[in-house]
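Grab a pencil and keep the 3D view open. We'll work through some exercises together, one small step at a time.

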Amino acid sequence: MKVILATDGSQHAQEAAWLLAHLPHLERLELTVLFVSNVPDLFGETPTKLIEQMKAEDAEKSAATFAHLREIFDGANADLELVVAHGQIGTTIVNEAQSRRSDLVVLGAIGHGMLDRLFGSTSDFVATHASCSVLVVRPTGLKNAKRPIDVCFAYDTSSSSSAVFEQLSQFGWGENSKIAVTNVVSIPFMYSEIPYELDIEEIKTATLRELESAAIRLRKYSPHVKTHVLEANHVGDGLVQFTKESGSDIIVMGNTGKGLLNAFFLGSTSKYVLRHAACSVWIARKMPE
């Protein structure tokens with residue numbers, strides 16, 4: 001499995017590295033540690049002493065970061081390679097992932113404040129534009145709690161959920177891991193002069209049958225699989241609230257709620273969860289043929 005771990009040496013990046021190192025994967029990881037230097041290049045001019053100093057500092061920082069990551073992954077089933085690239089951070093990560101035909105990009109969430117929600121961040125950009133799966137890591141206390149990981153699988157009947165199954169199958173979650181297979185029944189607000197009725201209970205019963213079918217497949221990875229049919233006006237908000245109340249560490253979901261303009265752009269539901277969830281968010285995509 002080819003994985004890019006994007007890092008800048010920050011605490012957010014260290015959290016992402018720790019989580020990846022402690023996900024029990026079934027096959028050896030080809031792990032590219034990507035450090036992006038965005039020191040500006042002065043085209044047509046001799047670089048100033050300041051630019052040279054900044055590049056030297058980045059080189060030193062990348063080497064120190066890589067040495068620390070080697071310690072984190074000591075004993076893990078992974079081959080590590082350091083790659084130092086130059087350019088705009090988000091675009092460079094996306095381009096490196098595509099050129100290397102990576103299966104997964106892992107990076108820390110840069111922020112979770114109002115400005116990030118309004119204008120996005122590097123993690124938002126990568127999750128939106130990458131052609132492969134992306135895991136954006138937020139700390140949930142798992143590192144110090146010494147407890148099994150709690151995973152929320154946002155399941156729907158679209159083809160994107162098959163990508164989620166494919167991703168989950170790459171990792172041996174362990175017999176103590178908890179997996180919540182979850183679907184949100186959205187109640188649409190519609191105005192019509194013609195009376196209509198929605199049998200919500202019937203919809204929820206049918207949805208539960210679909211979730212149970214998915215749960216059967218997932219129980220070969222962990223016996224602790226439960227199904228949850230939620231009811232909410234907004235699917236994304238329903239998922240965010242569930243992960244908060246259940247204490248999920250990761251929500252794994254397909255690229256849901258997207259239009260037809262571009263197969264790789266993030267769907268509305270996925271983007272909402274990415275920006276509002278307090279836990280890590282794993283956007284699963286199938287690799288292009």
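Two strands pair if DSSP finds at least two bridges between them. Helices (H or I, at least four residues) and strands (E, at least two) are DSSP runs, numbered from the N terminus. This is a predicted model, where local features need pLDDT of at least 70, side-chain atom pairs count only at pLDDT 80 or more, and totals for chains, interfaces and linings use all residues. Residues are numbered from 1 along each chain as its sequence is written, and side-chain values use heavy atoms, with hydrogens and water left out.

**Exercise 1. Work out how S5 and S10 are paired.**

Step 1: Find strand S5 at residues 133-137 and strand S10 at residues 280-284.
Step 2: Look at the bridges: there are three, and the two strands pair in the antiparallel sense.
Step 3: Pick out one spot to check by eye: Val136 sits opposite Val281 in S10.

**Exercise 2. Put the strands of the sheet in order.**

Step 1: The protein chain has ten helices and ten strands in total.
Step 2: Walk across the open sheet and you meet ten strands as S3-S2-S1-S4-S5-S10-S9-S6-S7-S8, with mixed pairing.
Step 3: The edges are S3 and strand S8 (224-232), each pairing on one side only.
Step 4: Neighbouring strands here are turned by 20° against each other on average, direction ignored. Axes are lines fitted to C-alpha atoms, for helices over the stretch in contact, and angles run from 0 to 180 degrees between N-to-C directions.

**Exercise 3. Say which helices pack on the sheet and what they touch.**

Step 1: Contact means heavy atoms within 4.5 Å.
Step 2: Helix H3 (residues 89-99) packs on the sheet and touches S1, S2, S3 and strand S4 (104-108), its direction making about 150° with that of S2.
Step 3: Helix H8 (residues 200-218) also packs on the sheet, touching strand S6 (150-154), strand S7 (178-186) and S8; the direction of H8 makes about 155° with that of S8.

**Exercise 4. Describe strand S2 and its partners.**

Step 1: S2 covers residues 29-37, and eight of its nine residues are buried. Buried means under 20% relative accessible area, exposed over 50%, and partly exposed in between (1.4 Å probe, protein chains only).
Step 2: Strand S1 (residues 2-7) runs parallel to S2, joined to it by six bridges. Val3 stands opposite Leu31 in S2.
Step 3: Follow the chain from S1 through helix H1 (residues 11-21) to S2, and you trace a right-handed β-α-β crossover. Right-handed here means that, with the strands pointing away from the viewer, the path from the first strand over the helix to the second runs clockwise.
Step 4: Now try strand S3 (residues 78-86): nine bridges join S2 to S3, again in parallel. Val33 has Leu82 in S3 as its bridge partner.

**Exercise 5. Classify the aromatic pair.**

Step 1: Rings of Phe, Tyr and Trp (its six-membered ring) pair if their centres lie within 6.5 Å; planes under 30 degrees apart count as stacked, over 60 as edge-to-face and the rest as tilted.
Step 2: The structure holds one such pair. The rings of Phe153 and Tyr155 have centres 5.6 Å apart and planes at 80°, so this pair is edge-to-face.
Step 3: Check the cover: Phe153 and Tyr155 are buried.

**Exercise 6. Decide for each of these loop residues: buried, partly exposed or exposed? Take Ser177, Tyr221, Arg101 and Lys146.**

Step 1: Ser177 lies in the loop between helix H7 (160-168) and S7. Its relative accessible area is 4%, so Ser177 is buried. Leaving out residues up to four places away in sequence, Ser177 touches Pro148, Ile149, Ser222 and His224.
Step 2: Tyr221 is in the loop between H8 and S8. At 19%, Tyr221 is buried too.
Step 3: Arg101, in the loop between H3 and S4, has 46% and is therefore partly exposed. Arg101 isn't a glycine, yet its phi is positive, about 50°.
Step 4: Lys146 is in the loop between helix H6 (142-145) and S6. With 80% relative accessibility, Lys146 counts as exposed. Lys146 has a positive phi of about 55°, although it isn't a glycine.
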